[in-house]
Amino acid sequence: MSLDLFASSAAASDQDVAQNAALDLPAGFGETFDVAFRAGTEFHNSVGSFIARQRALTDYNDYVFRRTGERLPHIGVAQAGIEGGGDVSIEEFNQAQAKIAERFPDLNLQPLSDADIDTMMRRRMAKAHDDAAAMQKRETTWGGTAGTALGMLAGSLTDPVVVATLPLGGVGELGIALRAAEFAAISGGTEAVVALASYQTREAAVPGSSKEIPGEIAGATIFGGILGAGFGALGKLFKLGEKPLPTALREDVNALSSEAQLAATNPFPGVA
């Protein structure tokens, strides 16, 4: 079937990359960012299954294009210039693929079903999870560490649950400890909601991965606490800067300002 052929081609490509990559060398920014971003969008995400599904279909279409030079429509996405317009159903997709299959019988292209697409989605989610797990065992450069952090951040911003909770926190005047506790609760709670929303699909993609959820929630809670403490400390610092200067220091500053103004406006230098 075409799905098996596509999967074999993708696996062969991954194997070739793995064989030619210097996996014994520290990972740099680009590599770690890609891995972290894919994990953050396709696995650790409340809509990760949808994102993985769309990207898997895009990969499939790209595979057919590389082999035939013919472009397939994207399922469920409006495509300009496609006869009929509007969203492309799976039936319309298979009809378009059948026309290509007639011209390229050697590819053995077969109609895709919803079950086929779900399989492609789960394979992509599993790869995102496994690549992230493998990256954790590798040494990284400073740039690689930054790539992981930025990739995770960029990936999290594609999650509607995370975006919805961004405005929370930071209201009112709190001490450093209370601000840290506030952000810790928000971050940990957000991660718990994301994990709950994606529980079924991620468990189907990687059986047993639900055991990782408590650690993910704990990590998010700790990160939120550190971030909150940082904001709390900055708030205290800015608050300190708003306090009036001592009287003696304020008089000295005023005197220096007056002397500077006089020097700048005096038309007779040296005469005050």
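In helix α5 of this predicted model, the buried residues are Asp116, Ile117, Met120, Met121, Arg124, Met125, Ala126, Ala128, His129, Ala132 and Met135. The helix has 23 residues, which at 1.5 Å a residue should span 33 Å; the C-alpha atoms at its two ends lie 34 Å apart, in agreement with that expectation. With this helix as a point of entry, the rest of the chain can be set around it.

The chain contains 10 helices and zero strands, and its order along the sequence is accordingly α-α-α-α-α-α-α-α-α-α. Of its 272 residues, 30% count as buried. When contacts between residues at least 6 apart in sequence are considered, 70% of them join residues at least 24 apart.

The confidence of the prediction varies along the chain. The mean pLDDT is 82, and 73% of the residues reach 70 or more. Residues 15–20, by contrast, have a pLDDT below 50, and beyond near neighbours in sequence this stretch has one contact in the model. A further stretch, residues 78–86, also stays under 50, although the model gives it nine contacts beyond four places in sequence. Where pLDDT is low, the predicted coordinates should not be read in detail.

The interior is best approached through its nonpolar cores. In soluble globular proteins, nonpolar side chains tend to be buried together. The largest nonpolar core here comprises 17 residues, and those with the most contacts inside it are Tyr60, Val64, Leu72, Ile75, Phe93 and Leu109. Helices α3 (48–68), α4 (90–103) and α5 (114–136) each supply at least two residues of this core, and α3 gives the most, with five residues. A second, separate core has seven residues, among them Phe43, Met125, Ala205 and Val206. Met125 is also one of the buried residues of α5. Within the largest core, Val64 is one of the residues with the most contacts. Leaving aside residues up to four places away in sequence, Val64 touches Gly69, Glu70, Leu72, Ile100 and Leu109.

Helix α4 shows how a single element is placed relative to this interior. Its 14 residues reach 20 Å from the first C-alpha to the last, close to the 20 Å expected at 1.5 Å a residue. Ile90, Phe93, Asn94, Gln97, Ile100 and Ala101 are the buried residues of this helix. Viewed down the axis of α4, these buried residues fall within an arc of 120°, and they therefore line one face of the helix. That buried set packs against α3 and α5. The face turned away from the buried side carries exposed residues, namely Gln95, Lys99 and Glu102.

On the buried side of α4, Gln97 merits attention as a polar residue. Its relative accessibility is 2%, and it therefore counts as buried. The side chain of Gln97 makes a polar contact with the side chain of Tyr60, at 2.5 Å. Tyr60 is itself among the residues with the most contacts inside the largest core. Not counting residues up to four places away in sequence, Gln97 touches Tyr60, Leu72, Leu109, Gln110, Pro111 and Leu112.

The loops on either side of α5 offer two further details. Asn108 lies in the loop between α4 and α5. Its phi is near 55°, a positive value in a residue other than glycine. Most residues other than glycine have a negative phi. At 39% relative accessibility, Asn108 counts as partly exposed. Arg138 lies in the loop between α5 and α6 (142–156). Because its relative accessibility is 18%, under the 20% limit, Arg138 counts as buried. The side chain of Arg138 reaches the backbone oxygen of Leu25 at 2.7 Å.

Farther along the chain, Glu182 belongs to helix α8 (residues 176–205). With a relative accessibility of 21%, Glu182 counts as partly exposed, since that class begins where the buried class, under 20%, ends. The side chain of Glu182 makes a polar contact with the side chain of Arg179, at 2.7 Å. Glu182 and Gly225 are 43 residues apart in sequence, yet their C-alpha atoms are 7.5 Å apart in space.

Conventions:
Residues are numbered from 1 along each chain as its sequence is written. This is a predicted model: local features need pLDDT of at least 70, side-chain atom pairs count only at pLDDT 80 or more; totals for chains, interfaces and linings use all residues. Side-chain values use heavy atoms; hydrogens and water are left out. Helices (H or I, at least four residues) and strands (E, at least two) are DSSP runs, numbered from the N terminus. Buried means under 20% relative accessible area, exposed over 50%, partly exposed in between (1.4 Å probe, protein chains only). A polar contact is a pair of N or O atoms within 3.5 Å; within protein, one must be able to donate a hydrogen and the other to accept it, and residues adjacent in sequence count only if both atoms are side-chain atoms. A nonpolar core is a set of buried Ala, Val, Leu, Ile, Met, Phe, Trp, Tyr and Cys residues joined through side-chain atoms within 4.5 Å. Contact means heavy atoms within 4.5 Å. pLDDT is the predictor's confidence in each residue, from 0 to 100. The expected span of a helix is 1.5 Å times one less than its number of residues. The arc is that of the directions from the helix axis to the C-beta atoms.
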